[in-house]
Amino acid sequence: MSSPYVSLLEAIRTHCNLPDFPNPLPSNQLILELENGPSMTIDFEEATSMVVLFAEIGTYEKEQETAVLSTIVQANFLWVATSGATLSARPDIETVYLAQQFPVHSLEGDSFITLVEEFARITQEWKTILPALTTTNSEPLEEMIENNSVKLEGVLARIIA
């Protein structure tokens, strides 16, 4: 396993006051279950030297698929409503995910912690948005923002400007 990746995990471990990791690590994946927050996975793709963050946002009903996919397309446009991450859906299981990747050598402890914290924030926001999409009669993203049912600290507003 990559030493830079282990250093990044150690930075997260220290920041989150987690117990010591086993040595050697049993896998490249670390699943973080944040208190009062989302669960996310940090993974390392050795073949590409990329650190990957991903999280399951939630599920939707088949009849809401068009609204969900339309919103994902809008949100992913130049990543303005995802803070650089990418939303995706698996229609076969009607589930939405958020993912982001970074070259391991471009990251250091503090910057990685900031990226993970931002990813957690965006994940939590989308965990709020998805149920709103599936319970508001397919209300478009623009209307959800106007009706104040979704606030992503102004980020989503830029997508419809």
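**View 1. Just past helix α2, Leu78 takes a positive phi.** In this predicted model, the phi of Leu78 is about 55°. Most residues other than glycine have a negative phi. Leu78 also helps make a surface patch: together with Phe77 and Trp79, Leu78 forms a nonpolar area of about 370 Å². Trp79 sits in the loop between α2 and β4 (86-90). Is Trp79 buried, exposed or partly exposed? Its relative accessibility is 45%, so Trp79 counts as partly exposed.

**View 2. Helix α2 has a buried side and a face turned away from it.** Let's step back into the helix itself, which runs over residues 65-76. With 12 residues at 1.5 Å each, α2 should span 16 Å, and its end C-alpha atoms are indeed 16 Å apart, so the two values agree. Which residues of α2 are buried? They are Glu65, Ala67, Val68, Thr71, Ile72, Ala75 and Asn76. These buried residues cover an arc of only 165° around the axis, which means they lie on the same side of α2. Here is a handy rule for reading the view: an α-helix has 3.6 residues a turn, so residues three or four places apart point the same way. Thr66 and Val73 are exposed, and they are carried by the face turned away from the buried side.

**View 3. Glu65 and Lys62 meet in a salt bridge.** Look for the two side chains, with N and O 3.4 Å apart. Glu65 has 15% relative accessibility, so this residue counts as buried. Lys62, at 46%, counts as partly exposed.

**View 4. Shared salt bridges tie Glu10, Arg13 and Asp20 into one network.** The structure holds 5 salt bridges, and this view shows two that have Arg13 as a partner. One of them links Arg13 to Glu10, where the closest N and O atoms are 2.6 Å apart. The other links Arg13 to Asp20, and there the closest N and O atoms are 3.2 Å apart. Why are Arg13 and Glu10 separated by about one helical turn? Because they are 3 residues apart in helix α1. How enclosed are the three partners? Arg13 counts as buried because its relative accessibility is 14%. Glu10 has 34% and counts as partly exposed, whereas Asp20 is exposed, with a relative accessible area of 64%.

**View 5. Helix α1 runs over residues 3-15.** Its 13 residues, at 1.5 Å a residue, should span 18 Å. The end C-alpha atoms are 18 Å apart, which agrees. Buried along α1 you'll find Tyr5, Leu8, Leu9, Ala11, Ile12 and Arg13.

**View 6. The loop between α1 and β1 (30-33) holds Pro24 and Asn17.** Asn17 follows α1 with a phi that is positive, near 55°, and Asn17 is a residue other than glycine. At 69% relative accessibility, Asn17 counts as exposed. Further along the loop, what kind of peptide bond joins Asn23 and Pro24? It is a cis bond, with omega about 0°. For background, most peptide bonds are trans.

**View 7. Strand β3 pairs with β2 and with β5.** β3 covers residues 50-59, and 7 of its 10 residues are buried, so the strand is largely enclosed by the rest of the structure. How many bridges link β3 to β2 (residues 39-45)? There are 5, and the pairing is antiparallel. As one example, Asp43 has Val52 of β3 as its bridge partner. The hairpin of β2 and β3 has 4 residues between the strands, and Ser49 takes a positive phi near 55° there. Strand β5 (residues 95-103) also runs antiparallel to β3, joined by 9 bridges. In this pairing, Met50 stands opposite Pro103 of β5. While you trace the strands, keep in mind that in a regular strand the side chains alternate between the two faces of the sheet.

**View 8. Glu94 lies in the loop between β4 and β5.** This residue other than glycine has a positive phi, near 50°. Its relative accessibility is 22%, so Glu94 counts as partly exposed; the cut-off for buried is under 20%.

Technical notes:
Residues are numbered from 1 along each chain as its sequence is written. This is a predicted model: local features need pLDDT of at least 70, side-chain atom pairs count only at pLDDT 80 or more; totals for chains, interfaces and linings use all residues. Side-chain values use heavy atoms; hydrogens and water are left out. Helices (H or I, at least four residues) and strands (E, at least two) are DSSP runs, numbered from the N terminus. The expected span of a helix is 1.5 Å times one less than its number of residues. Buried means under 20% relative accessible area, exposed over 50%, partly exposed in between (1.4 Å probe, protein chains only). The arc is that of the directions from the helix axis to the C-beta atoms. Two strands pair if DSSP finds at least two bridges between them. Patches are made of residues with over 30% relative accessible area and no salt bridge: like charges are joined within 9 Å, nonpolar side chains (Val, Leu, Ile, Met, Phe, Trp, Tyr) within 5 Å. Accessible areas come from the Shrake-Rupley method with a 1.4 Å probe; for residues, only the protein chains shown count as cover. A salt bridge is a side-chain nitrogen of Lys or Arg within 4 Å of a carboxyl oxygen of Asp or Glu.
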